Amino acid sequence: MVFGVLLAGGVGSRMGNIEKPKQYLNIADKPIIIHTIEKFYINDKFEKLYVLCPEQWIHHTKNLIRKYIGDTSRISVIQGGETRNETIMNAIRQIESEYSVDDETIIVTHDSVRPFVTHRIIEENIEYALRYGACDTAVPATDTIVQSEDNIVISDVPERSKMYQGQTPQTFRLKKLKELYEGLTEEEKRILTDAAKIFVMKGEKVYLVEGEVSNIKITYPYDLRVAETLIETDSL
């Protein structure tokens, strides 16, 4: 079985002075989160989609899904956790309470504010996770990456040809991800930035799925303007 896990727990602090989390802002007269859900909803490989958001936004999210999508039998809205990975664990616990999972059960995790993910990226995530166990979407870095240990001076300039910019989806065998996460120390959990790092920290291979430059994460006001342009281009 394959499950979609859409992460909508952000509060949008980097978007500036807004009255709602960024995933609920509109592009082309539709909330960002709905654009993203639709990309997954049309793919019949998903047994069910889980949307994880702050508790106070659950009711609003359900209303949006009913308004724009209608049928909610394949979509469940539940509360996220305090961190990104705890949010994913909440989804896993919910899936396990509803289904009999096995070693081949896959979860496709994705940022709710990446509405331009393509069908090809989603399909390849599912394919790679079934084949290898874990994969991450990324694009080659176009800028030189510099590293600073003290955030003051450059400590290293890695070879650009080996650098990638991570995107989402990130896709994993559910039971393996849970096993590795539960084996982490509290200190290891504190330094996590995403779920793929759990596998890397434990010496497990994470395979690369080729992303798209257009698969942007809407974080800043500038990104909203770019998103509007991408929507207009797609409609031509």
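Let me begin with a term: buried means a relative accessible area under 20%, exposed means over 50%, and partly exposed is what lies in between, with a 1.4 Å probe and protein chains only as cover. By that rule V2, at 9% relative accessibility, counts as buried.

Before going on, I should say that this is a predicted model, in which local features need pLDDT of at least 70 and side-chain atom pairs count only at pLDDT 80 or more, while totals for chains, interfaces and linings use all residues. Residues are numbered from 1 along each chain as its sequence is written, and side-chain values use heavy atoms, with hydrogens and water left out.

Staying with V2, its place is in strand β1, residues 2–7, where strands (E, at least two residues) and helices (H or I, at least four) are DSSP runs numbered from the N terminus. If we take contact as heavy atoms within 4.5 Å, and leave aside neighbours within four places in sequence, V2 is in contact with K45, F46, E47, K48, I106, V108 and I126. V2 and E210 are 208 residues apart in sequence, and their C-alpha atoms are 20 Å apart in space.

One of those contacts, I126, brings us to helix α4. This helix runs over residues 119–132, has 14 residues and reaches 20 Å from its first C-alpha to its last, close to the 20 Å expected at 1.5 Å a residue; the expected span is 1.5 Å times one less than the number of residues. Which residues of α4 are buried? They are I121, I122, N125, I126 and A129, and because they cover an arc of only 135 degrees around the axis, they lie on the same side of α4. The arc here is that of the directions from the helix axis to the C-beta atoms. Just after the helix, G133 takes a positive phi of about 105 degrees.

Also in α4 we have a salt bridge, by which I mean a side-chain nitrogen of Lys or Arg within 4 Å of a carboxyl oxygen of Asp or Glu. R131 forms this one with E127, the closest N and O atoms being 2.5 Å apart, and the two residues, four apart in the helix, are separated by about one helical turn. R131 counts as partly exposed at 47% relative accessibility, and E127 is partly exposed with a relative accessible area of 37%.

Let me turn to helix α2, residues 58–68, where I58, T61, L64 and I65 are buried. Their arc around the axis is only 125 degrees, which puts them on the same side of α2, whereas H59 and K67, on the other side, are exposed. What covers the buried residues of α2 includes β3 (30–31), α1 (32–41), β4 (46–53) and β5 (75–79). Just after α2, G70 takes a positive phi of about 90 degrees.

On the other end of that helix, W57 sits in the loop between β4 and α2. Not counting residues up to four places away in sequence, W57 touches K20, P21 and Y24. The C-alpha atoms of W57 and D223, which are 166 residues apart along the chain, are separated by 23 Å.

Back to the salt bridges, of which a search of the whole structure finds 16. Among them is the one between K175 and D103, with the closest N and O atoms 3.6 Å apart. K175 lies in helix α5 (residues 174–182) and D103 in the loop between α3 (84–98) and β6 (106–111), so the pair ties together parts that are 72 residues apart in sequence. K175 is partly exposed, with a relative accessible area of 38%, while D103, at 52% relative accessibility, counts as exposed.

Finally, the surface, where V146, I154 and V157 form a nonpolar patch with about 280 Å² of accessible area together. Patches are made of residues with over 30% relative accessible area and no salt bridge, like charges being joined within 9 Å and nonpolar side chains (Val, Leu, Ile, Met, Phe, Trp, Tyr) within 5 Å; the areas come from the Shrake-Rupley method with a 1.4 Å probe, and for residues only the protein chains shown count as cover. Within this patch, V157 is partly exposed, with a relative accessible area of 46%, and its place is in the loop between β7 (134–140) and β8 (164–173).
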